Amino acid sequence: MTPTEAGLAFVRHAADILSSLDTALREVNALRQHITGCVAVGAISAAAPSLVSRAFAQLADEHPHVTVSFVEDSTPGLLRQLRSNRLDVAVVGVCAGPQEHDLDGLRQETLLEDDLRVALPSRHPLATRSLVRADELRHESWIVESAVGDSPYYGAWPTLVQPTITHQARDWSTRLGMVAAGLGICLLPGMTVPSAPAGVTIARVEDRHWQGRATIAVTNEQRSPEADAAVAALRQQASDLR
């Protein structure tokens, strides 16, 4: 078998294309190996223990000469710091539908489309089920996050009217400890499920009135190679958490 003239022409061009691709890949790898700057990352408390921590570990492994600084704050606080250039990357939570936060002019990448869950004491009557209806939660006692300033907090299930609030606590560990002790139930983002202690059972909630929420990475329109690397690590770790 012998190639046609057209086939020979294609082979010549294909060889050039493959050679150019190899060159481009070498250049990209070289750039990755020589990122030596700083990146400032901020995140909401729900994203810090699992998603952000794992992304930082990946970033340190792939780019050991990049210096990372970190702050934990509310979504409004993080967006203010991003717009004032005190942060390069902000990991924030947003609800589906009309946005309550101003994201105009910012780059957004969805990391997790993460519906809220409910944390129940393991002896709770609903704890035997992996899915509960929102209306079954209307008479429950809720343990909610304390609001600080304009910080949004995890309250009761979003569509419930006049829920009963029994306790307020700032930290996830405190709220989950109260749930384990049987003092009430609380909301829990999906990404924090692995942190639930013994005595706590996690269930999804069926609610056709709830549009869901997402965890996103937000940056300014122009971003540095260090910020690109941080977002890439966040995206990879979010994929592993799904």
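This is a stop-by-stop tour of a predicted model.

**Whole chain**

Start with everything shown as cartoon. The chain has five helices and 11 strands. Buried residues make up 42% of its 242 residues. Switch to a surface: the chain exposes about 13500 Å², and carbon and sulfur atoms supply 52% of that area. Then consider contacts between residues at least 6 apart in sequence: 76% of them join residues at least 24 apart.

**The five-strand sheet**

Select strands 1, 2, 3, 4 and 11. They form an open sheet in the order 2-1-3-11-4, with mixed pairing. Look at the two edges, strand 2 and strand 4. Each has a single partner strand, so one side of each lacks a neighbour in the sheet. Neighbouring strands here are turned by 25° against each other on average, direction ignored.

Zoom in on strand 4 and strand 11. Their pairing is antiparallel and runs over seven bridges. Pick Arg 107 to see one residue pair: its bridge partner in strand 11 is Thr 219.

**Helix 3**

Add helix 3, residues 75–83. How many of its nine residues are buried? Seven are, so the helix is largely enclosed by the rest of the structure. Select them: Thr 75, Pro 76, Gly 77, Leu 78, Leu 79, Gln 81 and Leu 82. Their cover includes strand 1 (38–43), strand 2 (67–72), strand 3 (89–95), strand 4 (106–113) and strand 11.

**Thr 215**

Stay on strand 11, residues 213–220, and pick Thr 215 within it. Is Thr 215 buried or exposed? Its relative accessibility is 0%, so Thr 215 counts as buried. Now show what surrounds it. Beyond its neighbours within four places in sequence, Thr 215 is in contact with Leu 51, Val 91, Val 92, Glu 109, Thr 110, Leu 111, Leu 112 and Met 191.

**Helix 5 and helix 2**

Bring in helix 5. It lies across strand 1, strand 3, strand 4 and strand 11, at about 20° to strand 4. Next add helix 2. The axes of helix 2 (residues 48–62) and helix 5 (residues 225–241) come within 8 Å and cross at roughly 125°. That angle makes helix 2 oblique to helix 5. The crossing is right-handed.

Show side chains where the two helices meet. On helix 2, the contact residues include Leu 51, Ala 55 and Leu 59. On helix 5, they include Ala 229, Ala 233, Leu 234 and Leu 241. Leu 51 is also one of the residues in contact with Thr 215.

**The four-strand sheet**

Move to strands 5, 6, 9 and 10. They form an open sheet in the order 6-10-5-9, again with mixed pairing. Strand 6 (131–133) and strand 9 (186–189) are the edges; each has a single partner strand, so one side of each is left without a neighbour in the sheet. The twist averages 50° from one strand to the next.

Select residues 116–121 and 200–206. These are strand 5 and strand 10, which run antiparallel and are joined by five bridges. Within the pair, Ala 119 stands opposite Ile 202. Now add helix 4, residues 172–180. It lies across strand 5, strand 9 and strand 10, running at about 130° to strand 9.

**Last stop: His 124**

Follow the loop between strand 5 and strand 6 to find His 124. At 15% relative accessibility, His 124 counts as buried, because the cut-off for buried is under 20%. Leaving out residues up to four places away in sequence, His 124 touches Glu 140 and Ile 185.

Note on methods
Residues are numbered from 1 along each chain as its sequence is written. This is a predicted model: local features need pLDDT of at least 70, side-chain atom pairs count only at pLDDT 80 or more; totals for chains, interfaces and linings use all residues. Side-chain values use heavy atoms; hydrogens and water are left out. Buried means under 20% relative accessible area, exposed over 50%, partly exposed in between (1.4 Å probe, protein chains only). Contact means heavy atoms within 4.5 Å. Accessible areas come from the Shrake-Rupley method with a 1.4 Å probe; for residues, only the protein chains shown count as cover. Two strands pair if DSSP finds at least two bridges between them. Axes are lines fitted to C-alpha atoms, for helices over the stretch in contact, and angles run from 0 to 180 degrees between N-to-C directions. Angles under 35 degrees count as roughly parallel, over 145 as roughly antiparallel, 65 to 115 as roughly perpendicular and the rest as oblique. A crossing is left-handed if the near helix is turned anticlockwise from the far one by less than a right angle, and right-handed if clockwise.
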